[in-house]
Amino acid sequence: MCGIMGYTGSKRAATVLLDGLARLEYRGYDSAGVALLEDGTLFVRKRAGRVSELAESLAAEGFAADMGIGHTRWATHGRPTERNAHPHTDGTGSIAVVHNGIIENHEELRAKLEAVGCRFVSDTDTEVIPHLIAENLHLGIEDAVRAACAALEGAYAIAVVSEAAPDRMIAVRKGSPLVIGLGEGEQFLASSVDALLPFTRRVVYLEDGEWAVLTRDSVEIFNRDGNPVEPDVKTLDAAAADVELGPYPHYMLKEIHEQPGVVRRMSAERIRDGRPVFDEMTLPNSELAAVERVVVQACGTSWHAGLVGKYYLERLAGVHTDVEISSEFRYCDPVLDPKTLVLSISQSGETADVLEGVRLAKGRALRTLSIVNVERSSIARESHQALYMGAGVEIGVASTKAFTAEVGMLFLLALHLGRIRWRLRPEFVAEQLDAFRMLPTAMERLLSSPDDADRIAAGIKDAHSMFFIGRGPSYPIALEGALKMKEISYIHAAGYPAGELKHGPLALIEDGTPVVVVCPRDGVTAKTVSNAQEARSRGAFVIGVVQEGDDEAASVFDEVLAIPAAPEMLSPLLTVIPLQLLAYRTAVLRGCNVDKPRNLAKSVTVE
Ligand code: G6P
């Protein structure tokens, strides 16, 4: 997590850095800071809180510096205070460093540096870096940075400026992403392309272990052995620039409304002649057809999508599927035989635990396939094959349209596997795809009548605790509904398989406790309705997500969120929408910061 931005050129560096940092705030927003080099002197300014607060204080000072680095922080080591905000400096205040990642041996390094007289002013792991550079500065700034990095263990992306070499900015990538933006007489550096879009479309993604020296007129890149590397310049397409809020009050609401478009685009690109198509797939069909087990690994909302995917992969492709949370998967010494396919799912493509899961699988010589949103992200690049979900830029920390895109991709992939494994009749596949194509219209209908979610949100906004339940593919939707609710409205919410409520959680039901029951028309509707009744008879306020016209089921509930009819397989792509709207409206009524919930970040690049 954390966002890094760097600039050298002829513009006011402070303005460029603040613009970039504001676009990187989804990576963390505990504090923000910049280091500016003006006439050879380093000025560091930082604030606890948002980039906008830093911008206010900088405005008064009017720095004219044309070079600098900036940072927006998601706290790991040390509380989110001004003292712990980046940039950090050496004892003389002439070297400044911004860092994303974790230095695992920082305590040992700190003890050594303190023993030779270095004085530390923060609680961060980062502060060892400028001190280490200072200790080696006699080698020249570039070799000093290399020597410092040689002592560091862990994952990091760093940017360094110093009074000793005021014409250059040095960047190093080991484990955490960094992108260089190329301009005419100016160069940029950022944790992700989002920050570079207003300035340039020509970018170079640093590979792991590479470091770069940026001056106004040049960019030199070196590999971990110190040998120069020819920059591989990519041009970003215009779609990547679509990050404006438009008429919506929040990105989350905008992204909820983009879901029909996501499915429509996916249908246009990935359905041809009654078949799902994955033109980019380099894993041979023979290899995919021979897979005996799929292990899905992911975190957060992407893990929930994976749970829906299990249902698809088992029902449609007939392949045994396990779904693991990446932070558990990578440390549980999993049993993985050679016919296992490891399928990783990640919106950002940068989640540290998911990336390590990919590396673990590759280390066991297994095939790795990934469903990723951000192109050229680390997970995409390190997997044998990446399938891009094409959801467009997702800014809201609470993921919505990426979930829908992930589930859509899993559905199409399961149909593809089912076909090449000779399990599915072509007519069945074509029927499923026709139903998939109809989804956007149903989604638009749902989105055009948000009144029920509004009314119910007003009724539950003061709840202390909520439950979400469902069976089969509605169970992951219950988990996702609960996650959306807790992360943006701060109401405690837990998701359970509907049949599990009576094995413990029912003890927590009091008069008026909201219980959201996801029960579209499927083979287990009656069972789920019974569970709703059990909760209601103990005083719960039960809210049903039911199919339009299902009066029998609806009669059990105090409130109903109706969804258009859809085949059982596809209901998760509809039932999730009223739950997203319910969480959104509840959070707005509670006055919460919907797009930037407290303590969270969108791209989790630390373990
Ligand atoms: C963070 C985000 C979630 C996301 C999860 C996994 O927790 O706030 O919205 O679901 O990371 O992220 P990924 O990018 O790997 O899908």
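These exercises, each with a worked solution, deal with a predicted model.

## Exercise 1: A salt bridge inside one helix

Task. Find the distance between arginine 110 and glutamate 114, and say where the two residues lie.

Solution.
- Step 1. Look at the closest N and O atoms of arginine 110 and glutamate 114. They are 3.6 Å apart.
- Step 2. Compare with the cut-off. A salt bridge needs a side-chain nitrogen of Lys or Arg within 4 Å of a carboxyl oxygen of Asp or Glu, so a pair of this kind at 3.6 Å counts.
- Step 3. Place the pair. Both residues sit in helix H3, which covers residues 106-115.
- Step 4. Check the spacing. Arginine 110 and glutamate 114 are 4 residues apart, about one turn of the helix.
- Step 5. Add the setting of the acid. Glutamate 114 has a relative accessible area of 40% and is partly exposed.

How many salt bridges does the structure hold? It holds 39.

## Exercise 2: Buried or partly exposed?

Task. Classify lysine 254 and glutamate 258 by their relative accessible area.

Solution.
- Step 1. Recall the limit. Buried means under 20% relative accessible area.
- Step 2. Take lysine 254. Its relative accessible area is 8%, so lysine 254 is buried.
- Step 3. Take glutamate 258. Its relative accessibility is 18%, so glutamate 258 is buried.
- Step 4. Join the two. Their side chains form a salt bridge, with N and O 3.4 Å apart.

## Exercise 3: A link between distant parts of the chain

Task. Describe the salt bridge between arginine 455 and glutamate 559, and state which elements the partners belong to.

Solution.
- Step 1. Read the distance. From N to O, the side chains of arginine 455 and glutamate 559 are 2.7 Å apart.
- Step 2. Locate the partners. Arginine 455 belongs to helix H15 (residues 451-460), and glutamate 559 belongs to strand S27 (residues 559-563).
- Step 3. Judge the separation along the chain. The partners are 104 residues apart, and the pair links distant parts of the chain.
- Step 4. Classify arginine 455. At 42% relative accessibility, arginine 455 is partly exposed.
- Step 5. Classify glutamate 559. With a relative accessible area of 17%, glutamate 559 is buried.
- Step 6. Turn to a network elsewhere. Glu142, Asp167 and Arg168 are joined by salt bridges that share partners.

## Exercise 4: The largest cavity

Task. Give the volume of the largest cavity and describe its lining.

Solution.
- Step 1. Recall the idea. Rolling a probe the size of a water molecule over the atoms shows where empty space is left.
- Step 2. Count. The whole structure has 1 cavity of 30 Å³ or more.
- Step 3. Give the volume. The largest cavity holds about 70 Å³ of space.
- Step 4. List the lining. There are 14 lining residues, and Cys2, Thr76, His86, Gly101 and Asp125 lie nearest the centre.
- Step 5. Find the main contributor. Strand S6 (residues 95-103) gives the largest share, 3 residues.
- Step 6. Sort by type. The lining has 4 nonpolar, 8 polar and 2 charged residues.

## Exercise 5: The ligand and a pocket

Task. State which residues are closest to the ligand, then describe the second largest pocket.

Solution.
- Step 1. Count the neighbours. The ligand is surrounded by 13 residues, with Ser302, Ser346, Gln347, Ser348 and Thr351 the closest.
- Step 2. Look at a side chain. In serine 302, a side-chain N or O atom is 2.6 Å from an oxygen atom of the ligand.
- Step 3. Look at the backbone. A polar backbone atom of threonine 301 is 3.0 Å from a ligand oxygen, and a backbone N or O atom of valine 397 is 3.1 Å from a ligand oxygen.
- Step 4. Move to the pocket. The second largest pocket has a volume of about 490 Å³.
- Step 5. Describe its lining. Among its 23 lining residues, Gly300, Thr301, Ala601, Lys602 and Val604 are the closest to the centre.
- Step 6. Name contributing elements. Those giving two or more residues include helix H9 (300-317) and helix H16 (474-489).
- Step 7. Sort by type. The pocket lining divides into 9 nonpolar, 8 polar and 6 charged residues.

## Exercise 6: A serine in helix H16

Task. Say where serine 489 is found and what its side chain reaches.

Solution.
- Step 1. Place the residue. Serine 489 is in helix H16.
- Step 2. Check its exposure. At a relative accessible area of 0%, serine 489 is buried.
- Step 3. Find the partner. The side chain of serine 489 reaches the backbone oxygen of methionine 485 at 2.7 Å.

Note on methods
Residues are numbered from 1 along each chain as its sequence is written. This is a predicted model: local features need pLDDT of at least 70, side-chain atom pairs count only at pLDDT 80 or more; totals for chains, interfaces and linings use all residues. Side-chain values use heavy atoms; hydrogens and water are left out. Buried means under 20% relative accessible area, exposed over 50%, partly exposed in between (1.4 Å probe, protein chains only). On a 1 Å grid over the protein atoms alone, a cavity is a set of points where a 1.4 Å probe fits but cannot get out, and a pocket is an open set with protein on both sides within 12 Å along at least five of seven lines; lining residues have an atom within 4 Å of a point. Grid points are joined across faces, edges and corners, and a volume is the space filled by probe spheres set on the points. Ala, Val, Leu, Ile, Met, Phe, Trp, Tyr, Cys and Pro count as nonpolar, Asp, Glu, Lys and Arg as charged, and the others, Gly among them, as polar. A residue is near a molecule or strand if one of its heavy atoms lies within 4 Å of it. A polar contact is a pair of N or O atoms within 3.5 Å; within protein, one must be able to donate a hydrogen and the other to accept it, and residues adjacent in sequence count only if both atoms are side-chain atoms.
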